[in-house]
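Thank you all for coming; I would like to take a few minutes to walk through a structure that is new to most of us. Please have a look at it first, and then I will go through its pockets, its aromatic rings and one buried side chain.

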Amino acid sequence: MTEYTSIKEILEKTGTYTGLTVGSSMEPLLHQQKDNIIVVYPEERLKKYDVALYVTPRGKYIMHRVIEVHDDHYVIMGDNLQKKEYVSDDMICGKLIGFYKNGKRYIDCENSKLYKFYSRLIVAVIPLKPAYYFVRRYLGAIKRRILKLFGKDK
């Protein structure tokens, strides 16, 4: 049996990696420890809307969406985040091609019209994210004050 030491090595040797997701940065698309991803070694440069798997200089794996493609780097962001990341080609080790929602329903990232619509929508609303997160924080603060007022804070 062949043993591999990293996801990057698995992708380089076999071309495909499957596994459970970790983290919440790609919600609502992918949910932590619920969805199984299928990632392939990219044969060509990624395109806008692709979901890239990259490895940081510290060896951490991150899966976020490509929102801009430049000659020497990508601008990438998690669907559930506001912060843009700048990733070079040598950091990219995989591309999401599909996933199983809750281990059941398969979503094909290459051919699903609904997935493609979602990808374009999530990128289109990026300019609205700061306002959304501000309102969400503001409403959360109001909720905490109301609960405290009625003695239901915990």
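**Pockets, rings and a buried aspartate**

Let me begin with the largest pocket, whose lining residues divide into 11 nonpolar, five polar and one charged. I should say at once that this is a predicted model, and that everything I describe today was computed from it. The volume of this largest pocket is about 380 Å³, and among the 17 residues that line it, Thr21, Val22, Tyr61, Ile62 and Met63 are the closest to its centre. Two elements, β1 and β4, each give two or more residues to that lining, and β4 gives the most, with four residues.

The second largest pocket holds about 210 Å³ of space. Of its 13 lining residues, those closest to the centre are Tyr49, Asp50, Cys109, Tyr115 and Lys116. Here the elements that give two or more residues are β7 and α2, with α2 giving the most, namely four residues. As for the character of this second lining, its residues divide into five nonpolar, one polar and seven charged.

Tyr49, which I have just named, has a further neighbour to mention, since arginine 120 lies over the face of tyrosine 49, at 4.3 Å from the ring centre.

That brings me to the aromatic rings in general. A pair of aromatic rings is described by the distance of the centres and the angle of the planes. How many aromatic pairs does a search of the whole structure find? The search finds three, and I will describe two of them.

In one of these, the rings of phenylalanine 99 and tyrosine 115 have their centres 6.4 Å apart and their planes at 65 degrees, and because an angle over 60 degrees counts as edge-to-face, that is what we call this pair. The pair links distant parts of the chain, with phenylalanine 99 in strand β7, residues 92–101, and tyrosine 115 in helix α2, residues 113–124, so that 16 residues separate them. Phenylalanine 99 counts as buried at 2% relative accessibility, and tyrosine 115 is likewise buried, with a relative accessible area of 8%.

The other pair I want to show is tilted, and it is formed by tyrosine 100 and tyrosine 106, at 4.9 Å centre to centre and with 50 degrees between the planes. Tyrosine 100 is partly exposed, with a relative accessible area of 33%, and tyrosine 106 counts as partly exposed too, at 35%.

Now to the closed space inside the model, where there is one cavity of 30 Å³ or more. The largest cavity has a volume of about 40 Å³, and its lining includes Arg65, Ile67, Met77 and Ile122. Both β4, residues 61–69, and α2 supply at least two residues each to this lining, which divides into five nonpolar, one polar and three charged residues.

Finally, I would like to turn to aspartate 35, which is found in the loop between β1, residues 16–20, and β2, residues 36–40. Is aspartate 35 buried or exposed? At 1% relative accessibility, aspartate 35 counts as buried, because buried means under 20%. What does its side chain reach? The side chain of aspartate 35 reaches the backbone nitrogen of asparagine 102 at 2.8 Å, and a polar atom of that side chain also lies 2.7 Å from the backbone nitrogen of histidine 31.

Definitions and conventions. Residues numbered from 1 in each chain as written. Predicted model: local features only at pLDDT ≥ 70, side-chain atom pairs only at ≥ 80, totals over all residues. Heavy atoms only, no water. Phe/Tyr/Trp six-rings, centres within 6.5 Å; stacked < 30°, edge-to-face > 60°. Buried < 20%, exposed > 50% of the residue type's maximum accessible area, 1.4 Å probe, protein only. Lys NZ or Arg CZ within 6 Å of the ring centre and 35° of its normal. 1 Å grid on protein atoms, 1.4 Å probe; cavity = no way out; pocket = protein on both sides within 12 Å on 5 of 7 lines; lining within 4 Å. Points joined across faces, edges and corners; volume = space filled by probe spheres on them. Nonpolar A, V, L, I, M, F, W, Y, C, P; charged D, E, K, R; others polar. Polar contact = N/O pair within 3.5 Å; in protein donor to acceptor, adjacent residues only side chain to side chain.
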